[in-house]
Amino acid sequence: MDINIHIRPELPSEYEVVNNVIYTAFSEQHGAEIGKFMTEHFAEERKKDSFIPELSLVAVMEDETMVDKSIWR
């Protein structure tokens, strides 16, 4: 099965989905407290003047579904 994945800048409308991916990735490896910390850290980074949206990338499938670890299961 071929899976086409595209990498592009995240959209503000996707922040909640991206936050969930961040939380899941870090909490499963390092615990819920670290997952929460990293999610908050990324949310705060997006608010800074130094934030470069073009460098905050996401991977999406052809139908624009966000790629997370579930695709590899």
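The following is a conversation between a visitor and a guide about a predicted model of one chain.

Visitor: What kind of model is this, and how are the residues numbered?

Guide: This is a predicted model, in which local features need pLDDT of at least 70 and side-chain atom pairs count only at pLDDT 80 or more, while totals for chains, interfaces and linings use all residues. Residues are numbered from 1 along each chain as its sequence is written, and side-chain values use heavy atoms, with hydrogens and water left out.

Visitor: What makes the pattern of the chain, read along the sequence?

Guide: Helices (H or I, at least four residues) and strands (E, at least two) are DSSP runs, numbered from the N terminus. The chain has two helices and two strands, and along the sequence these follow the pattern β-α-α-β. Strand β1 covers residues 5-9, and strand β2 covers residues 57-61. The C-alpha atoms fill a box of roughly 35 × 30 × 15 Å, taken along the principal axes.

Visitor: Why is R46 called buried?

Guide: Buried means under 20% relative accessible area, exposed means over 50%, and partly exposed is in between (1.4 Å probe, protein chains only). R46, which lies in helix α2, has a relative accessible area of 13%, so R46 is buried. Of the 73 residues of the chain, 23% count as buried.

Visitor: Which residues does R46 contact, leaving aside its neighbours within four places in sequence?

Guide: Contact means heavy atoms within 4.5 Å, and with those neighbours left aside R46 is in contact with E10, Y15, V18, N19, I22 and F51.

Visitor: How do you know that R8 and E14 form a salt bridge?

Guide: A salt bridge is a side-chain nitrogen of Lys or Arg within 4 Å of a carboxyl oxygen of Asp or Glu. The closest N and O atoms of R8 and E14 are 2.6 Å apart, so the pair meets that rule. R8 and E14 are both buried, and by this rule the count comes to five salt bridges.

Visitor: What makes K47 and E44 a salt bridge, and how are the two residues placed in helix α2?

Guide: The closest N and O atoms of K47 and E44 are 3.2 Å apart, so this pair also falls within the 4 Å limit. K47 and E44 are three residues apart in helix α2 (residues 32-47), which means that they are separated by about one helical turn. With 61% relative accessibility K47 counts as exposed, whereas E44, with a relative accessible area of 44%, is partly exposed.

Visitor: What is the distance between the closest N and O atoms of E45 and K48, and which network do salt bridges that share partners form?

Guide: E45 forms a salt bridge with K48, the closest N and O atoms being 2.8 Å apart. E45 counts as partly exposed at 26% relative accessibility, and K48 counts as partly exposed at 42%. Salt bridges that share partners join R8, E14 and E64 into one network.

Visitor: Why is E64 called partly exposed, and where does E64 lie?

Guide: The relative accessible area of E64 is 45%, so E64 is partly exposed. E64 lies in the segment after β2, and its phi is near 75°, a positive value in a residue other than glycine. E64 and S50 are 14 residues apart in sequence, and their C-alpha atoms are 27 Å apart in space.

Visitor: How do you know which class of accessibility H6 belongs to, and which residues does H6 touch?

Guide: At 41% relative accessibility, H6 counts as partly exposed, because that value is between the two cut-offs. H6 is found in strand β1 and, not counting residues up to four places away in sequence, touches V58, A59, V60, M61 and E62. H6 and V60 are 54 residues apart in sequence, yet 5.3 Å apart in space, C-alpha to C-alpha.

Visitor: What makes I3, I5, I7 and L57 a patch?

Guide: Patches are made of residues with over 30% relative accessible area and no salt bridge, like charges being joined within 9 Å and nonpolar side chains (Val, Leu, Ile, Met, Phe, Trp, Tyr) within 5 Å. I3, I5, I7 and L57 form a nonpolar patch on the surface, with about 360 Å² of accessible area together, as computed by the Shrake-Rupley method with a 1.4 Å probe, where for residues only the protein chains shown count as cover.
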